[in-house]
Protein chains: 2
Amino acid sequence: MSVTWTMKAVGLSVVTLSLSVELLFWLCRRLRPRRILNEVLFFPSDLACVEHIYNPNTCFCPLPHGVETSFSRLLSHILSASSSLDVCVFAFSNMDLSRAVLALHSKGVIIRVLTDKDYAAITGSQIGVLRKAGICVRCDTGSVYMHHKFAVVDNRFLITGSLNWTLTAVQCNQENIIITEEPHLLQPFIEEFHKLWVKNDPAKYYHSID
Amino acid sequence: MSVTWTMKAVGLSVVTLSLSVELLFWLCRRLRPRRILNEVLFFPSDLACVEHIYNPNTCFCPLPHGVETSFSRLLSHILSASSSLDVCVFAFSNMDLSRAVLALHSKGVIIRVLTDKDYAAITGSQIGVLRKAGICVRCDTGSVYMHHKFAVVDNRFLITGSLNWTLTAVQCNQENIIITEEPHLLQPFIEEFHKLWVKNDPAKYYHSID
């Protein structure tokens, strides 16, 4: 009888211990916060060739090659889009950023661009180029300036900051960009884009013919 | 002998179980991510009186009272500074934001303001007002535009986004602001401010008299 109890007690100890260890590992995996994307880029960016992002080893221009810069990081993040890209920027005249958006469009990524009504027509604006390629662009008409400078990639991460999508911003100004997957930051921007996109639907401008 | 072993085994079970429970609670506390500040504000802000932030129940202006808006949230975050406020903004002409900075200065909070050399002199700029009050202001001279729009409160959280510290930005434009304690976002901005602050030290402009 006492031997049976001893065996039961030892068995109980072993089971308790192994269950505890198992539970600990499970909890460690469950509670350890997943390391989410949180990156900051500052501008002006160092000058470097970004051709390698599209065509490796095909460029012989005099700019430095194979150098990672703030701008090449930004381009890579944008080009990582696989399903959707929502762009909401005040000024969009940077040809490299336009090329990235066009490349995604030709791969079948769904692009939506929301921009300021006045700055859509500035010298060198890429808005016409995007529209010509069949990308859906809407202009905000309800405010003095649609001054946002953000993009949402695959509804997965947010790119936002002070940087307009212009050459001066990238190469000459003190600017910042945050890239984050933090849901409490990302989700409000997804909702803001949706709100502005619906609000600026050009179908609403047409007069009823009934 | 067997009774002793039984007691030992039971004892071991109890100790293992209680230690496991203790460890689990400790791990839960340790691994559960602390809920850090992550807030997004969109503008234009609804119009409301912000006088109650300074003097409760003393204002009888026709604006709505006691209403929380994007702007009142922004003001409250800035006014929560207890030791330092580093402001790095392109354009600073908003009188309510200037009042908040002056109020902090008079409370002994250490204020540093970094701004753009050209926009420091725009109509209604508050830069002269801040300087007159004894607040240390430096102008960025090394880039086309010092286009940042961020502030760091007590080295504890970051305020950043598209919003210049102007009345138009607050009341008329589509703008965004992120407020975050996320260390991977905060720390680079603290370092960027330090870098620009040192770089634009006016003592460097003086010619040597040796």
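Helices (H or I, at least four residues) and strands (E, at least two) are DSSP runs, numbered from the N terminus. This is a predicted model: local features need pLDDT of at least 70, side-chain atom pairs count only at pLDDT 80 or more, and totals for chains, interfaces and linings use all residues. Residues are numbered from 1 along each chain as its sequence is written, with chains lettered from A and ligands numbered from 1 in the order in which they are written.

**Exercise 1.** Find where Asn155(A) sits and whether it is buried or exposed.

*Solution.*
- Start with the backbone: Asn155(A) has a positive phi of about 50°, though it isn't a glycine.
- For comparison, most residues other than glycine have a negative phi.
- Next, place it: Asn155(A) is in the loop between E5 and strand E6 (157–161) of chain A.
- Now count neighbours, with C-beta atoms placed from the backbone: 20 or more others within 10 Å means buried, 12 or fewer exposed, in between partly exposed.
- Asn155(A) has 14, so it is partly exposed.

**Exercise 2.** Locate the cis peptide bond that involves Pro44(A).

*Solution.*
- Its partner is Phe43(A), and omega is about 15°.
- Pro44(A) lies in the loop between E1 and helix H2 (51–54) of chain A.

**Exercise 3.** Work out how many residues each chain brings to the contact.

*Solution.*
- Two residues are in contact if their C-beta atoms, placed from the backbone, lie within 7 Å.
- Chain A gives 49 residues and chain B gives 50 residues.
- On chain A's side, H1(A) supplies the largest share, 16 residues.
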